[in-house]
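Reader: Before I rely on any of the labels attached to this model, I would like to see the reasoning behind them. Could we go through them one at a time?

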Amino acid sequence: MSNFNKPKTIVANWKMNPVSFGEAESLIKTIKNGIQESDKTKIIICPPVVYLSKIKANSSFDLGIQNIFWEDEGAYTGEISAVIAKNLKIKYTIIGHSERRKYLNETDEMVNLKIQSALKNNISPILCIGETLKEKQEDQAIEVIVIQVEKALNNITKSQIINSEFQIAYEPIWAIGTGETPSINEIMSACLLIRKIVSNLYDRETAEKISILYGGSVNSKNAFDFVDKTGMDGLLIGGASLNGSEFARIVELFG
Ligand code: PGA
C-alpha cells in the first residue's frame, strides 16, 4: 500500500500564534519567499482564523482552520461552522487535535460530528489521533489508535472519504512540542496500522486514498526520514511552522 507518487502534504498548524497581525504577515512572507512551487508538495497553512484574510492576501497557499463546530449556524457563541469556513473558501480543517481533546474536553463523539459536518460542506478533515505517554508505556497505543479512528469514522461512508481529501494525522501526544519523537519503525507501524484500520472498516481502495501524516516535534533534521522511510504521506507541523525559514527548509526537502 505505498503512496510514493502522491505529493507530500505539509500542514502548518500555527495554533494560537503569532500574537499580532504584523507577525502573521511577516511569517507568511518568510515562508513564501523560502519555498519554490513544486507539484511534489502540497502546503496547507492553518493560522488562527482572524488572520485568514491576511494570509490569503499575501499568499496562494491552501488554507485550513484548526477546528470547526458541528452545527451549520445559530446560537453557538465563539464557534465557527463548516458552512462559514466553506463560504470563506477554506478547504481543510484540523479536527480532534489533542490540545482540544485535553483543554476543551473534546470527545471522540464530538470529533465524529465535526467530521460529518466538514464532509457535508466539502471541507476535508485532518483528523488528529495519538496516544498519551501513559498509554504508550502501558502498551495501549494500538488500542487507543483503533478506537479513535473507528469512533471518528462512525457513520462516514466510503464515498464521503473517497470524494474528499481525508487525512489522518498520527500525533503521539508525548511527542507534541517536546523534542521527543517515535522511532522510524514506530512511525512506520502507526502508518500501517491506520491504513489497516481504514481497510478493515471500508476496503483497500479507501485505505490507499486517505493521506496519513505524522506530527510531533518535526524539524528540518528529522522531517525527511519521517516521510521517506515510513510510508507517511506528509507532516503536521506545529512549533517549526512558526519559524518561517525552518518551515520553508522542511518543505524544500520534498520539493
Ligand atoms: P509540534 O506540534 O510540531 O510543535 O510538536 C505538532 C502539532 O501539535 O500539530
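Author: What follows takes several descriptions of this predicted model and sets each against the criterion behind it.

Reader: Why are α7 and α9 called oblique to each other?

Author: Helix α7, residues 141-152, and helix α9, residues 184-201, pack at an angle of about 45 degrees, with their axes 10 Å apart. Angles under 35 degrees count as roughly parallel and those from 65 to 115 as roughly perpendicular, and α7 and α9 are therefore oblique to each other. As for handedness, α7 passes α9 in a right-handed crossing.

Reader: Which residues make the contact between α7 and α9, and what is their character?

Author: On the α7 side the contact is made by Ile142, Ile145, Val146, Val149 and Glu150, and on the α9 side by Leu193, Ile194, Ile197, Val198 and Leu201. These residues divide into nine nonpolar, no polar and one charged, and Glu counts as charged under the classification used.

Reader: What makes α5 oblique to α7?

Author: Helix α5, residues 108-120, packs with α7 at an angle of about 40 degrees, with the axes 8 Å apart. Because the roughly parallel class holds angles under 35 degrees, that value makes α5 oblique to α7. The crossing of α5 and α7 is right-handed, and the contact is made by Asp108, Glu109, Val111, Asn112 and Ile115 of α5 together with Ile147, Gln148, Lys151 and Ala152 of α7. Here the residues divide into four nonpolar, two polar and three charged.

Reader: How do you know that the ligand has polar contacts with histidine 97 and glycine 177?

Author: A polar contact requires a pair of N or O atoms within 3.5 Å. An oxygen atom of the ligand is 2.7 Å from an N or O atom in the side chain of histidine 97, and an oxygen atom of the ligand is also 2.7 Å from a polar backbone atom of glycine 177, so both pairs satisfy the cut-off. For glycine 238, the distance from a ligand oxygen to a polar backbone atom is 2.9 Å, which again meets the criterion. In total, 13 residues surround the ligand, with Lys15, His97, Glu171, Gly177 and Ser217 the closest.

Reader: What makes the backbone at proline 18 and asparagine 122 worth pointing out?

Author: Most residues other than glycine have a negative phi, and most peptide bonds are trans. A cis peptide bond, however, joins asparagine 17 and proline 18, with omega about -15 degrees, and proline 18 is found in the loop between β1 and α1. Asparagine 122, although not a glycine, has a positive phi of about 60 degrees, and asparagine 122 is found in the loop between α5 and β5.

Methods. Residues are numbered from 1 along each chain as its sequence is written. This is a predicted model: local features need pLDDT of at least 70, side-chain atom pairs count only at pLDDT 80 or more; totals for chains, interfaces and linings use all residues. Side-chain values use heavy atoms; hydrogens and water are left out. Axes are lines fitted to C-alpha atoms, for helices over the stretch in contact, and angles run from 0 to 180 degrees between N-to-C directions. Helices (H or I, at least four residues) and strands (E, at least two) are DSSP runs, numbered from the N terminus. Angles under 35 degrees count as roughly parallel, over 145 as roughly antiparallel, 65 to 115 as roughly perpendicular and the rest as oblique. A crossing is left-handed if the near helix is turned anticlockwise from the far one by less than a right angle, and right-handed if clockwise. Contact means heavy atoms within 4.5 Å. A residue is near a molecule or strand if one of its heavy atoms lies within 4 Å of it. A polar contact is a pair of N or O atoms within 3.5 Å; within protein, one must be able to donate a hydrogen and the other to accept it, and residues adjacent in sequence count only if both atoms are side-chain atoms.
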